[in-house]
Amino acid sequence: MLTFCSIVDKRLSSALVFEDDADWDVSFRSLLQYFALGSQMLLSSPANEAPQSPLKTPRSPYGDGWDLLWLGHCASHTSKTDNRRFVISNDPSTTPPNHRTNFGDTPDMSPYDNTTRIVFVNEGGTCLYSYALSYRGAQKMIFYNSMNYQDHPIDFGINDLCKLPERNFKCVGIFPQIVDNHRAAGMRGKDSDISKIGETQGERKQGFSYNIVTSVRMNAGKLIDGDMDGLTSQWAEELPKLEGGLKTRFE
């Protein structure tokens, strides 16, 4: 709640929020550019209609009218009334399906190959590894999570805001997520405080990150040294050899 209040107090047009144990791919900036294009297209036209052409220049690079952009999560729900998708394919940073870890429902990815992400109208989710919030979104968050009765964890509260049409809270999501949770090497007791007691005992010899291919945290030393050729990826032996850059389409 203090984060939401700070956005309003400082009159920030938007803010990007990370949990302190979040991690992201080294290609995060470029992924945000593609996400922004998808968000613009989804917000430029009514549900289930093609985007306007030409697109009006929005005030925000992510389009106008959004309240929350859910970038890092452990479950995500697509809209039941809006089946539009902005498809980002040929993405080498996409986690192989057999290594994707989530703790709830996720979008149906069966129509797409294993190197594809989708941007979509989001109707809720779980976990808040990272999200962007607009000024109006922060105002709504403060109102609905303090002035109204709400006794759930904050991610459940945001889930309700995204899910209920009467809240008029516009959420845009991406799957697979581009921010997730890092589990550091060392004592497990420093993991997230929502972990079960048995999960926080003992020592972890090697750190890892959920759903992140080339982790910033796991490559921090090499990034500091400027050793871009020495970066290591999780599941490297299973990653496809892709040619060309990322490709996009709207459907």
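Is Tyr 131 buried or exposed? Keep that in mind as you get your bearings, then go and find out.

**Before you click**

What you have open is a predicted model, where local features need pLDDT of at least 70, side-chain atom pairs count only at pLDDT 80 or more, and totals for chains, interfaces and linings use all residues. Residues are numbered from 1 along each chain as its sequence is written, and side-chain values use heavy atoms, with hydrogens and water left out.

**The whole chain**

Start with the cartoon view. You'll find 5 helices and 13 strands in the protein chain; helices (H or I, at least four residues) and strands (E, at least two) are DSSP runs, numbered from the N terminus. The radius of gyration is 18 Å, close to the 18 Å that the globule rule gives for 251 residues, so the chain is as compact as a globular protein of that length. That radius is taken over C-alpha atoms, and the rule is 2.2 Å times the number of residues to the power 0.38. Turn the model around: along its principal axes, the C-alpha trace spans about 50 × 45 × 35 Å.

Of the 251 residues, 45% count as buried. Here buried means under 20% relative accessible area, exposed means over 50%, and partly exposed is in between (1.4 Å probe, protein chains only).

**Stop 1: Tyr 131**

Select Tyr 131, which sits in strand S7 (residues 130–134). Here's your answer: Tyr 131 is buried, with a relative accessible area of 6%. Now show what it touches, where contact means heavy atoms within 4.5 Å. Leaving aside neighbours within four places in sequence, Tyr 131 is in contact with Phe 4, Ala 15, Leu 16, Val 17, Leu 68, Leu 69, Trp 70 and Leu 71. For a sense of scale, try a distance: the C-alpha atoms of Tyr 131 and Pro 165, 34 residues apart along the chain, are separated by 20 Å.

**Stop 2: Gly 124**

Next, pick Gly 124 in strand S6. Gly 124 counts as buried, at 0% relative accessibility. Not counting residues up to four places away in sequence, Gly 124 touches Trp 70, Ser 76, His 77, Asn 159 and Cys 162.

**Stop 3: helix H4**

Select residues 154–163, which make up helix H4. Which residues are buried in this helix? They are Asp 155, Gly 157, Ile 158, Asn 159, Leu 161 and Cys 162. Colour the cover next: what covers the buried residues of H4 includes strand S3 (68–72), strand S4 (75–78), S6, helix H3 (135–147) and strand S8 (171–175).

**Stop 4: the rings**

How many aromatic pairs does a search of the whole structure find? It finds 8. Rings of Phe, Tyr and Trp (its six-membered ring) pair if their centres lie within 6.5 Å; planes under 30 degrees apart count as stacked, over 60 as edge-to-face and the rest as tilted.

Show Phe 103 and Tyr 210, an edge-to-face pair at 6.3 Å centre to centre, with 90 degrees between the planes. This pair links distant parts of the chain, 107 residues apart: Phe 103 is in the loop between strand S5 (86–89) and strand S6 (117–126), and Tyr 210 is in the loop between strand S12 (208–209) and helix H5 (220–225). Phe 103 is exposed, with a relative accessible area of 55%, while Tyr 210 counts as buried at 18%.

Add Phe 208, which also forms an edge-to-face pair with Tyr 210, at 5.2 Å centre to centre and 90 degrees between the planes. Phe 208 counts as partly exposed, at 27% relative accessibility.

Last selection: Phe 18, Trp 24 and Phe 28, which ring pairs link into a cluster.
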